[in-house]
Amino acid sequence: AEEEGQREIIQPEDVLKKNFDSAFGRISGRLPEINRLNISFIRLPRSERNVSFITCSRARGEYQFSETLLKSGVKAVAKALIDALAQTKSLSGKCDLEYENKLTEMVLECVGD
């Protein structure tokens, strides 16, 4: 029960790794700056499983993507990558909505269903 209450850094494998690699590969072809993001992966306690990712340091582009997000599929991971990139490009953490919408639209075209 104590383990359930802790966050744990993980190395994604199998489907989780495939989902991330697929999303990252498709986006990095169009947005090479995505390579500057420093993303680690985390297993969250049951009470936090609805969290998709955590911003560690916007200035350094450090984010933690949750196991739950990776399970959600390529499109969800792609959207999270765009959100992280948009945050990194903004001092306040809020990106220009029009810019973010344009990025998201472009990425969803690349990723498809």
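In this predicted model, F65 is in contact with residues from several stretches of the sequence. Leaving aside neighbours within four places in sequence, its partners are F20, I39, S40, F41, I42, S52, F53, V77, A80 and L81. Three of these partners, F20, V77 and L81, recur in the description of the largest nonpolar core: together with F65 and L37, they touch the most other members among its 25 residues. The elements that give two or more residues to this core are α1 (14-30), β2 (38-43), β4 (62-66), α2 (67-71) and α3. Helix α3 supplies the largest share, eight residues.

Helix α3 therefore merits a closer look, for its 15 residues, 74-88, should span 21 Å at 1.5 Å a residue, and the end C-alpha atoms are indeed 21 Å apart. Its buried residues are V74, V77, A78, A80, L81, I82, A84, L85, A86 and Q87. In an α-helix there are 3.6 residues a turn, so residues three or four places apart point the same way.

The chain as a whole comprises four helices and four strands, arranged along the sequence as β-α-β-β-β-α-α-α. Of its 113 residues, 42% are buried. Among contacts with a separation of 6 or more, 68% join residues 24 or more positions apart. The exposed surface of the chain is about 6,900 Å², of which carbon and sulfur atoms supply 46%.

Charged side chains add a further set of links, with five salt bridges in the structure. One of them joins E48 and R7, at 2.5 Å from N to O. Because E48 lies in the loop between β2 and β3 (53-57) and R7 in the segment before β1 (8-10), this pair ties together parts that are 41 residues apart in sequence. Both are partly exposed, E48 with a relative accessible area of 22% and R7 with 45%.

A second bridge pairs R43 with E8 at 3.3 Å, N to O. It links distant parts of the chain, since R43 is in strand β2 and E8 in strand β1, 35 residues apart. R43 is partly exposed at 27% relative accessibility, and E8 is likewise partly exposed at 41%. These two residues also belong, with E67, to a network of salt bridges. A further bridge, between E62 and R60, has an N to O distance of 3.0 Å; E62 is partly exposed at 22%, whereas R60 is exposed at 56%.

One backbone feature remains. Most residues other than glycine have a negative phi. D14, which is not a glycine, has a positive phi of about 55°. This residue is in helix α1, and its relative accessibility of 66% makes D14 exposed.

How values were computed. Residues numbered from 1 in each chain as written. Predicted model: local features only at pLDDT ≥ 70, side-chain atom pairs only at ≥ 80, totals over all residues. Heavy atoms only, no water. Expected span 1.5 Å × (residues − 1). Buried < 20%, exposed > 50% of the residue type's maximum accessible area, 1.4 Å probe, protein only. Core = buried A, V, L, I, M, F, W, Y, C linked by side-chain atoms within 4.5 Å. Contact = heavy atoms within 4.5 Å. Areas by Shrake-Rupley, 256 points an atom, 1.4 Å probe, with all protein chains shown as cover. Salt bridge = Lys/Arg side-chain N within 4 Å of Asp/Glu carboxyl O.
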